[in-house]
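Welcome! Take a moment to look over the sequence and the 3D view, and then we can walk through them together.

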Amino acid sequence: GQGYNLALGDAMALAQALRWAMDHGTDFGDPMVLERYARQRFAETAVMTLATDGLNQLFSFGTKSLR
């Protein structure tokens with residue numbers, strides 16, 4: 001379910017970045033547009049990546065009592 005939520009956030013952020021490009025007469029493939037999208041999504045995807053990786057490490061390499 002979290003992957004789906006991230007994908008919806010990605011789609012919304014991409015649509016906003018493309019709308020910004022259109023409003024400013026900038027090409028959709030311009031690195032500035034893509035950077036705008038990436039910057040907007042970085043925090044949420046980083047948090048989810050760290051949480052998922054942390055849970056994986058906890059239950060994969062933790063003590064046997066935690067598994």
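The paragraphs below go from one helix to the other. Keep in mind as you look that this is a predicted model.

Let us begin with helix α1, which covers residues 2-23. With 22 residues at 1.5 Å a residue, α1 should span 32 Å, and its end C-alpha atoms are 31 Å apart, which agrees. Which residues of α1 are buried? They are Leu6, Gly9, Ala13, Ala17, Trp20 and Ala21. Looking down the axis of α1, you will find these buried residues within an arc of 115°, so they line one face of the helix. That face has a partner: the buried residues of α1 pack against α2. Turn to the other side of α1 and you meet Tyr4, Met12 and Asp23, which are exposed. Just after α1 comes glycine 25, with a positive phi of about 65°.

Now move on to helix α2, residues 31-61. A good stop here is threonine 45, which lies in this helix. Threonine 45 counts as partly exposed because its relative accessibility is 26%, between the 20% limit for buried and the 50% limit for exposed. Setting aside neighbours within four places in sequence, threonine 45 is in contact with Leu6 and Asp10. Its C-alpha atom is also separated by 9.7 Å from that of glycine 3, although the two residues are 42 apart along the chain.

Further along α2 is leucine 58, partly exposed because its relative accessibility is 36%. Together with Leu55 and Phe59, Leu58 forms a nonpolar patch on the surface, and the three have about 280 Å² of accessible area together.

Terms used:
Residues are numbered from 1 along each chain as its sequence is written. This is a predicted model: local features need pLDDT of at least 70, side-chain atom pairs count only at pLDDT 80 or more; totals for chains, interfaces and linings use all residues. Side-chain values use heavy atoms; hydrogens and water are left out. Patches are made of residues with over 30% relative accessible area and no salt bridge: like charges are joined within 9 Å, nonpolar side chains (Val, Leu, Ile, Met, Phe, Trp, Tyr) within 5 Å. Accessible areas come from the Shrake-Rupley method with a 1.4 Å probe; for residues, only the protein chains shown count as cover. A salt bridge is a side-chain nitrogen of Lys or Arg within 4 Å of a carboxyl oxygen of Asp or Glu. Helices (H or I, at least four residues) and strands (E, at least two) are DSSP runs, numbered from the N terminus. Buried means under 20% relative accessible area, exposed over 50%, partly exposed in between (1.4 Å probe, protein chains only). The expected span of a helix is 1.5 Å times one less than its number of residues. The arc is that of the directions from the helix axis to the C-beta atoms. Contact means heavy atoms within 4.5 Å.
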